[in-house]
Amino acid sequence: MSSGKSGRRRRSSSIIYQEPPESVEQISDQAANPNLNSQWVNAKGAWTIHPVIILGLKILFDVMPGMTQEISWTLTNITYMTGSYLMFHWVRGVPFEFNAGAYDHLNMWEQIDNGDQYTPAKKFLLTVPIVLFLLSTHYTHYDLTYFIINFLALMAVVIPKLPFAHRMRFAPFSGAPPDD
Amino acid sequence: MASSSNFTAAADLLSTHTLNLLHTVSEQFHKIPGSAILLRYIRSSYQNDPIRSVVELLLVIFAIRYLLAREYSTKPGKVKLSEEEIDDLVDEWTPEPLVAQTTAFEDADLEKRAIIVGPTGPKSRLANGKVVTNLASYNFYNLVSNEQLKERAIQTLRTYGVGPCGPPGFYGTQDVHMKIEADIAAFLGTTACIIYAQAFSTASSVIPAFSKRGDIIVADKAVNYSIRKGLQISRSTVRWFDHRDYADLERVLAKLDKEQRDKGILTRRFIVTEGLFENTGDVVDLPKVIELKLKYKFRLILDETWSFGVLGRTGRGVTEHQHVDAAEVDMILGSMAGPLSAAGGFCAGSDEVVEHQRLSAAAYTFSAALPAMSAVTASETLTMLQTQPDIIASLRENIKIMWQQLDPRSDWMVCTSAPENPIMILVFKQEVVSSRRLTVADQLGLLQEIVDECLTQGVLITRIKTLSAAPSGSKTDIYAHRPAVKVCMTNGLSRKEVEKAGTTIRHAITKIMTRKR
């Protein structure tokens, strides 16, 4: 692997490090097949499903007995944000065996649109949690605790989506880097 | 005081103007459709909490900025070129030759290369009409001139045709393939076996079938080219240990084991080594490797391409030679092309190991199956090895005679092969290399001259021609092959003929090494 140009190199001791650029083998394995793991975010219906899921969650929490609007919106928020965080930022690699593990080091957000930033899909996926948060603060009378919980949940999915966090790893969240 | 009252009056005037202006703006605003909704929204959102509203406003501004940003690629080295620049680059481009210019050494090599006309055998006829003693073919048991085998092969050809014209999983498997698989498994004492259509692609296909990116392979530094390709294709993390240095192997295994324990990661782990090494001719210490693999919980892939059919009392390979149960080795790879005089390769192991390969090994799933006549020939030769142990004994006898002619009696060269190995690999003695300050190129030149001299004297031997041992992507060789010639023994020669050939080779070496320069 020849690099050094693109910012921080990974070192076992550092808390923050950046995934180094791919080797020739990795690049050719990545190009061997289309990335079915991330391609679907641009597919038909992949955008509609987000509002549908959110609405479903809201209804589910609303029908529970003794539910207040604050708790119901907070639960909806947290459920959606957790799911989104796990899917886009926590799990790495591809669940199928079609490119010899060439994406094992990247999470799904970094795989989407081949790593390009500000693509339509990424813009949509970043806007959805923000809109959800604004809606929830609008329809409820959060006290400070609720507001902070919801806001932190939002930040957890917004910050890793920002271009600066591309291929960036924080040791507390992703473990010590493999050294090779 | 006058100035102060003036100032107050001016301020009053200004505030009246401002109020008027604000009033007008608000009236205009109320005329915009939907403004009432917006106002109601802001009022109800505000909820008497300015900090919260500021946070929300910032979020909205951030989202709008994100939505308006321009798309860009994060891949390095993407440059947008104009049409003219593209044309310029295309015009400037001169293709590199597909085949590099041959060097003077390669030219000489090509010019002097011996060409055999007609069938190979212990005595072969060259294109220039000369009959030479052929010690350059892997014709150990002289099965190429066995009439019974030829007859069987022809019979099979008439019954089955030439090739099965399909991969084994797609109508390519014939009864003879299943028979040879069963034969090899029974011969070696494993539970199952799978055959490949080509010996070379066996190792480079079996290794990637099991070991993937992130998995760990520990390999001997001197392993052959096929294994190297397998290691490369598998994308695994490869650690090397010094050739036949089992203390070094233990060091590498212990280090890996500790690393993985510390990090709490669990991957597939393999040790890869050869039985008889293709490029050095020496033999693995299998009991030691087995002991280490059990101790550190690795799996063992053993390439017996050159030892299967050669080592052991009945030719079962390293396992028989060193009294190890073949079931202790996870995967035994072998060839039916060399000693068995057929074609193809095999991998023997447990049922799971073999069944996994039927869908996951590239050479098995995508290559046409082995021709039936090769499968039948291999079955026949296996039977011959078991029923006629004297053919192995007579080969060993010939090796011994040749060994006596060369190794202890030559002042210049030494044989690195194991005493049972019919491929005798001769390299310059270390003291010769150091006292004469021979570079690798010097050694290759001298070896070529020795080969040429032997050919003039009627003995065909060959120089070992290796490809670089560097793994792909590495800048330095992890292992430097020593320049060598190889003498391939066969039992098709009488004691006298072997002695004569040995003397010829020895004298050729002496002649080249002692001549005046």
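## Quick tour: chain B, with a stop in chain A

B:Arg437 sits out in the open: its relative accessible area is 70%, so it counts as exposed. Keep in mind that this is a predicted model. Below are notes on two residues with positive phi, two surface patches around helix 4 of chain B, and two elements of chain B that are mostly or wholly buried.

**Positive phi outside glycine**

- As a rule, residues other than glycine mostly have a negative phi.
- B:Arg437 goes the other way, with phi near 50°.
- You'll find B:Arg437 in the loop that links helix 18 (430–436) to helix 19 (440–456) of chain B.
- Over in chain A, A:Asp113 also has a positive phi, near 55°.
- That residue, A:Asp113, belongs to the loop between helix 5 (108–111) and helix 6 (120–139) of chain A.

**Surface patches on chain B**

- Seven acidic side chains make up a negative surface patch: B:Glu83, B:Glu84, B:Glu85, B:Asp87, B:Asp88, B:Asp91 and B:Glu92.
- One of them, B:Glu85, is part of helix 4, which covers residues 83–92 of chain B.
- B:Glu85 has 39% relative accessibility, so it is classed as partly exposed; the cut-offs for that class are 20% and 50%.
- There's a nonpolar surface patch too, of about 450 Å², built from B:Val79, B:Leu81, B:Ile86, B:Leu89 and B:Val90.
- B:Leu81, one of that nonpolar group, lies in the loop between helix 3 (50–68) and helix 4 of chain B.
- With 40% relative accessibility, B:Leu81 is partly exposed as well.

**Strand 4 of chain B, covered on both faces**

- Strand 4 (residues 192–196) of chain B has 5 of its 5 residues buried, so the rest of the structure largely encloses it.
- Side chains in a regular strand alternate between the two faces of the sheet.
- Here one side carries B:Ala192, B:Ile194 and B:Tyr196, the other B:Cys193 and B:Ile195, and all of these are buried.
- Its partner is strand 10 (residues 345–349) of chain B, paired with strand 4 in the antiparallel sense over 5 bridges.
- Which residue of strand 10 is the bridge partner of B:Ile194? That's B:Cys347.

**Helix 9 of chain B, mostly covered**

- Helix 9 takes in residues 200–210 of chain B, and 10 of its 11 residues are buried.
- The buried set runs through B:Ser201, B:Thr202, B:Ala203, B:Ser204, B:Ser205, B:Val206, B:Ile207, B:Pro208, B:Ala209 and B:Phe210.

Note on methods. Residues numbered from 1 in each chain as written. Chains lettered and ligands numbered in written order. Predicted model: local features only at pLDDT ≥ 70, side-chain atom pairs only at ≥ 80, totals over all residues. Heavy atoms only, no water. Patch = residues over 30% accessible without salt bridge, like charges linked within 9 Å, V, L, I, M, F, W, Y side chains within 5 Å. Areas by Shrake-Rupley, 256 points an atom, 1.4 Å probe, with all protein chains shown as cover. Salt bridge = Lys/Arg side-chain N within 4 Å of Asp/Glu carboxyl O. Lys, Arg positive; Asp, Glu negative; His and termini not counted. Charge placed at Lys NZ, Arg CZ, Asp CG, Glu CD. Helix = DSSP H or I, 4+ residues; strand = E, 2+ residues; numbered from the N terminus. Buried < 20%, exposed > 50% of the residue type's maximum accessible area, 1.4 Å probe, protein only. Pairing = 2+ DSSP bridges.
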